[in-house]
Amino acid sequence: MILGSHDLPGPIVFLAPMAGISDRPFRSLCRSLGASAAVSEMLTSDTRLWHTAKSRNRLDHHGEAGPRIVQLLGNQPDALALAARANVSRGADIIDLNLGCPAKKVCNNAAGSALLADEALVERLLLALTAAVRVPVTLKMRLGIDREHINADRIAVIAETAGVAMISVHGRTRACGYRGQVDLDGIARVVDAVRIPVLANGDIASPEDARAVIQRTGAAGVMVGRAAQGRPWLPGQIRAGLSDLPIPPAPVGADLGRLIRAHVTAVHEQYGSERGLRIARKHIGWYLEHNRPDVDRRPFLAITDARGQLAALAALFGESAASQMKPGRDPNKNPSDPRGEMPHELLDACCSRPQRKWPTGVDGHSLPTRGIRQDRDG
Ligand SMILES: Cc1cc2nc3c(=O)[nH]c(=O)nc-3n(C[C@H](O)[C@H](O)[C@H](O)COP(=O)(O)O)c2cc1C
């Protein structure tokens, strides 16, 4: 699949944007282990909020392999256009618009999936974005605001006409939240409505799921979210399965321990030890839940310092904290090979400290530093 200057080979399996989860370390890890691409956590299009720690982290794509996909959240055409241009000037390869987030605090501001109710506004937003940047603009949406108002196929036609390059669809409505079955026929109607590629999203947790969803919907590929939590190798495994290649086994034992420590180290470096400790706890919980259900997770969740977290992981996996990962193939260097092994370079890819170059302004305007409300996750 070609997206702008990026030719994504083989079966297409994206890591879904997940606020609070698909940050730079997790995206880099999933890419290193075979994901075709990884969409960033949603970033507010209100540039006045970009000085906050949350937005600054979300603006950070240092060292990430392309395509760098920045997802924007907003409901003002001019603000979205400005935010898109600013991100492209910082290296974004693709701009994605969020029409999928059902969270109340997002929808109360008429953004995310609430926008699906206003097709004329969606058209204005997309036209503003495609006019603002030369890189591809993509769209992520749900099927509609509720079962009585399913309009994803109409939104898809509006998007294609506005010049959008790819659409991903979570096969639920905003009202469904995450409940109930994914409506694959609803996704298929979106696929049938347009010629641009459509990725199917929702509850995909294995190569078999992905194959069945693609067969049923005709989608160009899939997007995987929650199932990758604690299993960053899953998108790569799904790509291998869809290619009829041997599925690389999930890491176990010392390999798993080294991978988790590399990820946790990267999280500590990204956020600093205090916030990093709390964010790493979530990931450690998922790693243990999925890969070491025999281990009592509570002591890990009680650890209150970053070094202690790493030491406890090293002790659990019987490794010295300084040990390195085994050399292996780096799928970033050969992106057509979806078989992610545990690459030695992963430690670098995942743990390199970002060279922070925070902007003094956007398009020449300086960013305020005080008195601005913190934005919140959806
Ligand atoms: C914690 C969390 C955060 C999310 N954040 C975003 C987001 O920032 N932008 C977005 O478009 N979707 C977001 N989503 C929705 C996912 O991208 C995805 O559409 C949804 O989880 C369904 O896919 P899955 O069943 O594979 O998880 C989020 C989902 C979760 C669980």
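## Exercises on a predicted model

Gly-272, just after helix H10, takes a positive phi of about 85°. Helices (H or I, at least four residues) and strands (E, at least two) are DSSP runs, numbered from the N terminus. The model is predicted: local features need pLDDT of at least 70, side-chain atom pairs count only at pLDDT 80 or more, and totals for chains, interfaces and linings use all residues. Residues are numbered from 1 along each chain as its sequence is written.

**Exercise 1.** Work out whether the end-to-end distance of H10 agrees with its 19 residues.

*Solution.* Take 1.5 Å times one less than the number of residues; that is the expected span. For H10 this gives 27 Å, and its end C-alpha atoms are 27 Å apart, so the two agree. Next, burial. A residue is buried if 20 or more other C-beta atoms, placed from the backbone, lie within 10 Å of its own. H10 is mostly covered, with 14 of its 19 residues buried.

**Exercise 2.** Repeat the check for H11 (residues 273-291), then find what its buried residues pack against.

*Solution.* The 19 residues of H11 should span 27 Å; the end C-alpha atoms lie 25 Å apart, which agrees. Now list the buried residues: Gly-276, Leu-277, Ile-279, Ala-280, His-283, Ile-284, Tyr-287 and Leu-288. An α-helix has 3.6 residues a turn, so residues three or four places apart point the same way. The buried residues of H11 pack against H10 (253-271), H12 (298-302) and H13 (306-316).

**Exercise 3.** Place strand E3 (residues 12-15) among its partners and describe its faces.

*Solution.* Strands pair if DSSP finds at least two bridges between them. Four bridges join E3 to E11 (residues 221-224), in parallel. Val-13 has Val-222 as its bridge partner there. With E4 (residues 37-39), E3 pairs in the parallel sense over two bridges. Leu-15 stands opposite Ala-38 in E4. Then the faces. Ile-12 and Phe-14 lie on one side, Val-13 and Leu-15 on the other, and all are buried.

**Exercise 4.** Identify the members of the largest nonpolar core that touch the most others, and trace the contacts of Ile-167.

*Solution.* A nonpolar core joins buried Ala, Val, Leu, Ile, Met, Phe, Trp, Tyr and Cys residues through C-beta atoms within 7 Å. The largest has 82 residues; Phe-14, Leu-129, Ile-167, Val-222 and Val-224 touch the most other members. Contact means C-beta atoms, placed from the backbone, within 7 Å. Leaving aside neighbours within four places in sequence, Ile-167 is in contact with residues including Thr-138, Met-141, Val-190 and Val-198. Apart from the largest core lies another, of 15 residues, among them Leu-259, Ala-266, Leu-288 and Ala-306.

Methods:
Buried ≥ 20, exposed ≤ 12 C-beta atoms within 10 Å, placed from the backbone. Contact = placed C-beta atoms within 7 Å.
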